[in-house]
Structure formats: C-alpha cells, structure tokens
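Please look over the chain shown below before reading on. The report that comes after it is meant to be read with the structure open.

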Amino acid sequence: MRGHACFVRLDSVEPTIVRCAEQPYVGRRESITMTEFARVADHLPTMFAGLAQRGVQVTGAPFFRYRLVDMADEMVVEAGIPVTGPVQVEPPDFVDRLPAGRYATVTHVGHPDQLMGVTARLLDWAQRRGLSWDMTPTPTGERWSARLEILMTNPAEQPDMHKWETVLLFKLAD
C-alpha cells in the first residue's frame, strides 16, 4: 500500500527505529478488555465504506492505537485509518493525528494471537538499549502517546490468519 512512510511494509523482523511524520487519521474509540477486541476491529469495514462513499483518500494501512493499556483490566483502543488531511466525520468517528517523532518498530508475520509475545520482545529490546517510551504510567494503566498495530494484510484477500502481516510501531520519548 502506498502512502505515509510509517504505514508501508518495513520488512523489519528485527526491531529498529524509524522517524515518522505527523499523520492525520479517522478513528473510532472503544474501552474494552482483551477478550472484546472484535468490538474495535469490527468498526474498520464501516469506516472504510464511509470514507470511500465520501471520496476521502486513504494514505496507508488501518491500525489499532492503544491509548490506555492495562492488560489485566480495561484498555482504550482506537481503530484508525490514515487520511491525507482533516475530513468531516459523524460521531462516534473522529479525526486526530499521530504525533511525529522516533518510533521503535518490528514486523510480525503470523497469527494475531502471537502479537502479545512480539510486543513483549519489542518492549524488552528497547529496555535493553536504554530507550524510553512516550508513555505515562497512571493508576488505571499506561497512557501511550502512540502505540500502534498496523494491519498490513487485508483479511478479504488473505483469510489465513497465520499469513497476516502486522507492524508494531511504538513512539519513543523525545
């Protein structure tokens, strides 16, 4: 998929650091537990259809943005679609921007159930290098500036979840 440099295949099976520009997107937010993740993912087809109906150009792959992470309790997660700039949307959709900056990234090819382990390895990789995340601990969980799972595979084109490609992109502290 063409578009924003941070929303294309990076072919990075080993963690690396990339610099990303600010990226506008259309999103929809949910408070969920890990077992309710489909509530967020199921918004993407409707969001894509609405953007296409209005002729809005999509500039990259859809993603999930983890705003508040508490794996043992509720999380605040957004389904997002990168766009070229501000667009008019109807609530509960909204328009926001991913911040520019340095991001740690790694690509995973395999079932989404394996992403927790891939995430743990990325977090450990950064810690071993003395890198800090753009994240603030709170009593209700970790509040992240930008912690993304970018969905590089269209499930309609590749139904085998074991062949899906997902890019993790986590913002580092400045």
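The following paragraphs treat an annotated domain, one helix, the salt bridges, a surface patch and a hairpin.

The model is a predicted one. According to the UniProt record, an unreviewed entry, residues 14–132 carry the annotation "domain: GyrI-like small molecule binding". Over these residues the chain is 24% helix and 37% strand, and the C-alpha atoms at the two ends lie 18 Å apart.

Helix α2, which spans residues 43–53, has His43, Leu44, Met47, Gly50 and Leu51 as buried residues. Viewed down the axis of α2, these buried residues fall within an arc of 130°, and they therefore line one face of the helix. In general, an α-helix has 3.6 residues a turn, so residues three or four places apart point the same way. On the face of α2 that is turned away from the buried side, the exposed residues are Pro45, Thr46, Ala52 and Gln53.

The count of salt bridges comes to 12, and three of the pairs are set out here.

| Pair | Closest N to O distance |
|---|---|
| Asp93 and Arg28 | 2.7 Å |
| Glu36 and Arg39 | 3.5 Å |
| Arg65 and Asp96 | 3.8 Å |

The salt bridge of Asp93 with Arg28 links distant parts of the chain, since Asp93 sits in the loop between β4 (75–82) and β5 (94–98) while Arg28 belongs to strand β2, 65 residues apart. Asp93 is buried because its relative accessible area, 16%, is under the 20% cut-off, and Arg28, at 14% relative accessibility, likewise counts as buried.

In the salt bridge between Arg65 and Asp96, Arg65 lies in strand β3 (residues 63–69) and Asp96 in strand β5, so that the pair ties together parts that are 31 residues apart in sequence. Arg65 is buried, with 3% relative accessibility, whereas Asp96 is partly exposed at 25%. Both residues also belong to a network of salt bridges that links Arg29, Arg65, Arg67, Glu78 and Asp96.

As for the pair of Glu36 and Arg39, Glu36 is partly exposed with a relative accessible area of 29%, and Arg39 is also partly exposed, at 37%.

A nonpolar surface patch of about 270 Å² is made by Met34, Met71 and Met116. Of these, Met34 is placed in the loop between β2 (23–32) and α1 (38–41), and its 32% relative accessibility makes it partly exposed.

Finally, strands β7 (residues 135–138) and β8 (residues 141–144) run antiparallel and are joined by four bridges, with Thr136 having Arg143 in β8 as its bridge partner. A hairpin of two residues connects β7 to β8.

Technical notes
Residues numbered from 1 in each chain as written. Predicted model: local features only at pLDDT ≥ 70, side-chain atom pairs only at ≥ 80, totals over all residues. Heavy atoms only, no water. Pairing = 2+ DSSP bridges. UniProt positions renumbered as here; feature names shortened; annotations may be inferred. Patch = residues over 30% accessible without salt bridge, like charges linked within 9 Å, V, L, I, M, F, W, Y side chains within 5 Å. Areas by Shrake-Rupley, 256 points an atom, 1.4 Å probe, with all protein chains shown as cover. Salt bridge = Lys/Arg side-chain N within 4 Å of Asp/Glu carboxyl O. Buried < 20%, exposed > 50% of the residue type's maximum accessible area, 1.4 Å probe, protein only. Arc of directions from axis to C-beta.
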